[in-house]
Amino acid sequence: MQPISERAAWLRAELTRYAEAYYTLDAPIVPDAEYDRLFRELQGIESEHPELLTLDSPTQRVGGAPLKSLTPVRHKVPMLSIQTETDTTEGGAIAFDARVRRKLELFAEAPAIEYAAELKFDGLAINLRYEQGLLVQAATRGDGEVGEDVTHNVRTIRNIPLRLRVGDIPVPAVIEIRGEIYMRRDEFDKLNERQRERGEKTFINPRNTAAGAIRQLDPTMAAARPMTFFAYGIGEVVGWGFAPASHAGLLDAMVALGLPVSEDRCVAKGAEGLVEFHKQIAAKRDSLPFDIDGVVYKVNSLALQRELGFRNREPNWAVAHKYPAQEELTELLDIEVQVGRTGAITPVARLKPVFVGGVTVTNATLHNQGEIDRKDVRIGDWVIVRRAGDVIPEVVGPVLERRKPDAVRYDLIAQFPTCPICGSHVVRGEDEAVARCTGGLFCPAQRKQALLHFAQRRAMDIEGLGDKLVEQLVDGGIVKTPADIYKLGLLALSGLERMAEKSAMNLLQAIEHSKTAPLQRFIFALGIRNVGEATAKDLARRFGNIHALMDADLEALLAVNDVGPIVAQSIVDFFAEPHNREVVEQLLAAGLTLVQETINTGAGVLAGKTFVLTGTLPTMSRDEAGALIEEHGGKVSGSVSKKTSYVVAGSDAGSKLDKARDLGVAVLDEEGLQQLIATGASGDAR
């Protein structure tokens, strides 16, 4: 039997190897469940045998009581800043190369200087001290001479090794690794989403969030904020039997020791190479998973670095070459609104002009009233504005220290009780962040979207009425509401671009064919918010004709199976708008005949069972699977609840599958559905 001490050592080594593959190399080699199993085994051993617990154990990533204060740390080698090149054009790279050549007294005909080119991360600088390969201390930059001990928090960062790797390169007796702690954008977005779900305030940007997590006292709070680290330099080194001749070689040595180093680096020759690197990174800046605010150039030869030395505590051999700032500060002068294709009312900040992300910005999105409330943005505030690449500028948040006493809170519904485009009522659901115009069939801003929805195959099924044609019909003022579709003639259609007479005739035939339609398809075609196909069927079954539905009150709607308060209110709001009722009457006057399609209400092996479809099935579309379920007496719903009998999941299934698992709802694949129908549904679905 393997001695318990050897088992513990093996578990530590394996878990460390698995963690490096997952967090540093982004190439997992075992499933999460296997990692968790081994982790729990190591925890158990260390609990029963405390003498086997080591500082580099993976179980020591998170733990310990909160500190009362952060202890000052004097850096053995000062953490100095580097000069910033403010010329954000290629001229900045050319100027730096020229300065270096002058200091080295190199003539024009001398060979090009070799540089190490890297990213300038927008994070928190950190110093990691390893003694005999073991992480013993982590400290912030502070004022360059004295920082703060944040070891308790840094140990929670999964891609920072607690022990350096022993391999081809010897491990120094002492080595201080300098680098940057940052938060990936996707992790930052997930963190803010969790904050919203809890009703808590969201964070402004990844850098401040990471810095705030590192410089606080409770390591469990740091562990809750997923952070990452990149190494880019060294401080004190003692007893290292290895001497890299270049900065690029030093970075390669760090990788060999198991430290994470960004792959976006290169060795560049002369000013031309620096310019090319600056351009390449600028082109991919917005697609990087983390924020940067520039690139860094360093003379690659360590011998030349020593020769160049320092000036005013800044190295002459390095420079940070910035890109145009993606965040700036400006004044929010007013808030106006835009109406989107789906009726969403989006508040837009009117700003004092500010140069950000390479352009002058005067407007920025505030997303919705919920975001305004969460960020506590007010008219008159000084605000942080962000613009990344081609992304629409947004207001990140206010600078509370500069808030004026007369800054005004904003209430969208109070400012715009009716749509500024069509005059229809604006509503905001109790649990919704977005306010919406209720004039769905009438509002010019929603016109194209409403027509495309109305004509789609699952609604009125008007083949040939697609995006490009709708674009022409609306932009030409030929069609304003769905009722106008039924007034189209051959002359109007054949005059449109790329519309031959035969195509026009085919479209007119499809329009004529759509005049006889099942009631549930017509209800779905109206585009009532929160009313999907399943709900439309329930409404058609309950009310039997469109006028009965139009006149139904909340009480009558809530009596319909699976119609809750939100859906019922959406229906009431839609038909309370005179414009929408008028369009429905115009459609009926155009000759539409709405028939009550026979719907299987109980007979069949799936009777009494409710199904939810999600993902892509191997051989059937979801429409076909839904029809099959209904053919055998089952009901198809659009959302998962405790009343759901089965979720039928295909590939790329999303949140509905997760919710089914959380609620313990039985999950089937396409084959399982077929078998259920073949053998007959029986017993409890769970």
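**Helix packing and aromatic pairs in a predicted model**

Strand E4 (124-131), strand E5 (134-140), helix H4 (151-154), E7, helix H5 (185-197) and helix H7 (219-223) are among the elements that cover the buried residues of helix H6. Good morning, colleagues. Please keep in mind throughout that the model before us is predicted. Helix H6 itself spans residues 206-214, and its buried residues are Pro206, Thr209, Ala210, Ala211, Ala213 and Ile214.

Let me turn to the packing of helices. Two packed helices are described by the angle between their axes and the distance between the axes. I shall present two such cases.

The first concerns helix H3, residues 91-103, and helix H9, residues 270-284. Their axes are 8 Å apart, and the two helices pack at an angle of about 150 degrees. How should this angle be named? Angles over 145 degrees count as roughly antiparallel, and therefore H3 is roughly antiparallel to H9. The crossing in which H3 passes H9 is right-handed. Which residues meet here? From H3 there are Ala93, Ile94, Phe96 and Asp97, and from H9 there are Gly270, Ala271, Leu274 and Val275. By character, the residues of this contact of H3 with H9 divide into 6 nonpolar, 1 polar and 1 charged.

The second case is helix H13, residues 447-455, with helix H14, residues 467-475. The axes of H13 and H14 come within 10 Å and cross at roughly 135 degrees. H13 is therefore oblique to H14. This crossing, too, is described as right-handed: H13 passes H14 in that sense. On the side of H13, the contact is made by Arg447, Lys448, Leu451 and Leu452; on the side of H14, by Asp467, Val470, Glu471, Val474 and Asp475. What is the character of the residues in the contact of H13 with H14? They divide into 4 nonpolar, no polar and 5 charged.

I now come to the aromatic rings. A pair of aromatic rings is described by the distance of the centres and the angle of the planes. In this model the count comes to 13 aromatic pairs. I have chosen two of them.

Phe121 and Tyr182 form a stacked pair, with 6.2 Å from centre to centre and 10 degrees between the planes. Where do these two residues lie? Phe121 belongs to strand E3, residues 114-121, and Tyr182 to strand E7, residues 174-182. The pair thus links distant parts of the chain, 61 residues apart. Phe121 and Tyr182 are both buried. Ring pairs also join Phe121 and Tyr182 with Phe230 and Phe290 in a cluster.

Phe454 and Tyr486 form an edge-to-face pair, at 6.5 Å centre to centre and with 85 degrees between the planes. Phe454 lies in helix H13, while Tyr486 lies in the loop between H14 and helix H15 (490-494), so the pair ties together parts that are 32 residues apart in sequence. Phe454 is buried, as is Tyr486.

Finally, I should like to consider a single residue, Thr593, which lies in strand E22, residues 593-595. Is Thr593 buried, exposed or partly exposed? Its relative accessibility is 41%, and so Thr593 counts as partly exposed. Leaving aside residues up to four places away in sequence, Thr593 touches Lys515, Thr516 and Ala517. Thr593 and Ala517 are 76 residues apart along the chain, yet their C-alpha atoms are separated by 6.4 Å.

Thank you for your attention.

Methods:
Residues numbered from 1 in each chain as written. Predicted model: local features only at pLDDT ≥ 70, side-chain atom pairs only at ≥ 80, totals over all residues. Heavy atoms only, no water. Axes fitted to C-alpha atoms, helices over the stretch in contact; angles between N-to-C directions. Helix = DSSP H or I, 4+ residues; strand = E, 2+ residues; numbered from the N terminus. Parallel < 35°, antiparallel > 145°, perpendicular 65-115°, else oblique. Left-handed = near helix turned anticlockwise from the far one by under 90°. Contact = heavy atoms within 4.5 Å. Nonpolar A, V, L, I, M, F, W, Y, C, P; charged D, E, K, R; others polar. Phe/Tyr/Trp six-rings, centres within 6.5 Å; stacked < 30°, edge-to-face > 60°. Buried < 20%, exposed > 50% of the residue type's maximum accessible area, 1.4 Å probe, protein only.
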